[in-house]
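Student: I keep getting lost when I look at a whole protein at once. Please pick one part of this one, go through it slowly with me, and then show me what else is around.

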Amino acid sequence: MKLPIGIQDFESLRKDGYLYVDKTEHVYRLVSEGRYYFLSRPRRFGKSLLLSTIKSLFLGKRELFKGLAIDQKEDWDWAVHPVMHLDLNTEKYDSKEKLEGKLNSFLSENEKLYGREEWENTFGIRFEGIIKRAYEKTGQRVVILVDEYDKPLLQAIGNKELQEEYRGTLKGFYGALKSMDGCIKFAMLTGVTKFGKVSVFSDLNNLEDISLDYGYHDICGITEQELLTCFSEQIGTLAQRARMTREECIEKLRKMYDGYHFCEDAPGIYNPFSVLSTFKKQSFGSYWFETGTPTYLVELLRRHYYDLEDMATSEVTADVLNSIDAESTNPIPVIYQSGYLTIKGYDKEFQMYRLGFPNQEVEEGFIKYLAPFYLDNREERSVFDIRSFTSDVREGNAEQFLSRLKSLFASAPYDSVKGDKENHFQNMMWVVFKMMGFYSQTEYHTSDGRIDLLVETPQYRYIMEFKLDGTAEEALQQIKDKNYQLQFFGDSLTISNGWGGAKTYIIGVNFSKETRTIDKWIIE
C-alpha cells in the first residue's frame, strides 16, 4: 500500500489507495461529546488531514469511510452539512493586507454560495451572515474548520504593531463562532500554538482546548501499537535494508521518532512525517526537522539571553504550556508547542511538567541548527571543529581541546556576543558538548555549590569552572574550595583514577570581555 507522505486531503488519500491510520473513533467522540474545539500540535503532525477527515464526514461521503471505525456507528446519520474550511497555512503574512486578503477570499467564496447583504461590511459581520444564510438555505447547521489559525500571529512574533493588527482582525472574525451558536453544528480550530491574554481566544470561552487531554493524546501522530500493526511489512523491509534484526529496527525507530507526550502519563507518540519518510526512503534521517527552520525560536532564545541548559530541562505549569503571550520574554511555550520540547515527567503534588527533547531526531537537529548562531556563521567550520574537539576529549588531550575552544570563541560573530556575555559563553559551551555527544551539563549542581561544566567519557572526566574577567587561578581554587571533585574520586586534586576507572581533570578557565575569548586556563 502507498505511503501518504504530504497527502493532507482525506478524499484523495482514500480514493487513491494510500495507507490510512484510522482516527475516526476519535472524530466520532469529538462530535458526540461536544461542538467547539481547539487542538494544538506541532507542524507535519496530521492536523490538516484530521480536519479534512472531518470535512468529508460532514459532507456525508460515507463511501470514503468503508471499513473504518465510524462506519460501524449506527447512530451516525451521514447527513450533508454546509462545511466552511479555512486554511491559513497557504500565505506569508508579512503585512495586514495579506491576512485581510486571505479572509476576504474565504468569505467571498462562501458568499457566492449563500449570498451577502449590502450592509455587511466587516469580516465578522460578513461571516455571521454567511453562517446564518447557509443554515437557512440547507436546513442543516454549519460546520466550521480552521487550519493553522495561528500562522499570522506566529509570523508576527517580535512585531508588536503587526501582532495587534492581527489580533484585532482575527478576534472580530472568530467572534462569529460564538454569536451564531444556534446555526453551528461543529467547529474546530487547529494550530501549532495557543496565544494567551488579549488574544483571539479571549472571547471564545465556548472553545474546548483538547491539546493536553489524555483522551485525545493520540488523535494525531502514530502510537507504537499503530506502528507495529499498520506498518509491519515496512518495518521488515527497513530492517533488512539496514541489516538489522526486526527488534533492532523497532528500537531505532523508537529512539529516533517516538517520545512526544501530549499529556502527563500518556504513552509516547511517533512523529508521522518522519516515520512515513523513513519507510519510503528506506533510511533513517532527520526528515521532520529538515522541513522547517525554527529561526524565530533561535531569535527568541538569543534576544532574551536564555540559558540553553534551562531550556532543555525546563519545569513549567500547565498555564505556561497552554498559552503564549506574544510579549513574554519566556521562549519555552513557543518551543514546546512547536514540537522541539515535549512532556517528559509530571510532579502531581506541585502540578509541574518537566520538559525535554522528544527524541534523537529533534535533539540532534535542534543543536546542529543552533551551532552556527552561537559558534560561527560558517556551518562547515563548526562541524569540522566538533570532530577535532571530540578527538581531543576522548584522548584526554585537555590542553589541545582548550586551545581549539579559545580559537572557536574568538571566531564568533561580534554581534552575537553583545548583551549578557557570561550567558553567551555558557551557551556556546553547552552547544559544543551537546554536538560532541557526551554527557555534559552546565551549572551542574552538587551538594556544595555547582560545577559550571562536567564532561564524561569512558576514559576521562573533566570538571571545569569558568570566570568572566576574573582569573583562572580563582576558578581552579573554587573547585578545590567547594570539593566538587570529591563527588567522583577520593581527595586527590590531580589527574587520577576516578569513579568507574576514568581519569579526572580539574580545570579553571577565565574569559575576557575585552578579547571575547579565553585568556588563560589551568589544568590539574
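Tutor: Let's take a sheet as our main part, after a quick look at the whole chain.

This is a predicted model, where local features need pLDDT of at least 70 and side-chain atom pairs count only at pLDDT 80 or more, while totals for chains, interfaces and linings use all residues. Residues are numbered from 1 along each chain as its sequence is written, and side-chain values use heavy atoms, leaving out hydrogens and water.

How far can you trust it? The mean pLDDT (the predictor's confidence in each residue, from 0 to 100) of the protein chain is 84, and 85% of its residues reach 70 or more. Over residues 490-499, though, the pLDDT is below 50, even though this stretch has 28 contacts in the model (heavy atoms within 4.5 Å) beyond near neighbours in sequence. Where pLDDT is low, don't read the predicted coordinates in detail.

Now the overall make-up. The protein chain has 22 helices and 13 strands; these are DSSP runs numbered from the N terminus, helices being H or I with at least four residues and strands E with at least two. Of the 524 residues in the protein chain, 54% are buried. Buried means under 20% relative accessible area, exposed over 50%, and partly exposed in between, using a 1.4 Å probe and protein chains only. Take the contacts in the chain with a separation of 6 or more: 68% of them join residues 24 or more positions apart.

Here comes our sheet. Five strands make it up, in the order β2-β3-β4-β1-β5; the sheet is open and the pairing is parallel. Two strands pair if DSSP finds at least two bridges between them. At the edges you'll find β2 and β5 (208-209), each pairing on one side only.

Start your walk at β3 (residues 142-147), which is joined to β4 by five parallel bridges. To see one of those pairs, click on Val146: its bridge partner in β4 is Leu189. Now stop at β4 itself (residues 184-191): seven of its eight residues are buried, so this strand is largely enclosed by the rest of the structure. Step on to β1, which pairs with β4 over five bridges, again in the parallel sense. Here Tyr37 is the residue to find, because it links up both ways: in β4 it stands opposite Met188, and in β5 its bridge partner is Glu208. The pairing between β1 (residues 36-40) and β5 is parallel too, over two bridges.

For contrast, there is another sheet to look at. Three strands form it in the order β6-β8-β7; it is open as well, but its pairing is antiparallel. Its edge strands are β6 (315-316) and β7 (342-347), each with a single partner strand, so one side of each is left without a neighbour in the sheet. Two bridges join β6 to β8 (residues 352-356), and one pair to find is Glu315 with its bridge partner Arg354 in β8.

Next, a couple of residues that sit inside. Trp76 is in the loop between α3 and β2 (83-87), and with a relative accessible area of 12% it is buried. Leaving out residues up to four places away in sequence, Trp76 touches Tyr28, Val31, Leu57, Phe58 and Ile70. Leu57 is 19 residues from Trp76 in sequence, and their C-alpha atoms are 9.9 Å apart. Ser52 belongs to helix α3 and counts as buried, at 5% relative accessibility. On the same reckoning of neighbours, Ser52 touches Gln8, Asp9 and Phe10.

Last, two oddities in the backbone. Most residues other than glycine have a negative phi. Asp265 has a positive one, about 65 degrees; you'll find Asp265 in the loop between α11 (246-257) and α12, where it counts as exposed at 61% relative accessibility. Asp469 also has a positive phi, near 55 degrees. Asp469 lies in the loop between β11 (460-468) and α22 (472-482), and it is partly exposed, with a relative accessible area of 45%.
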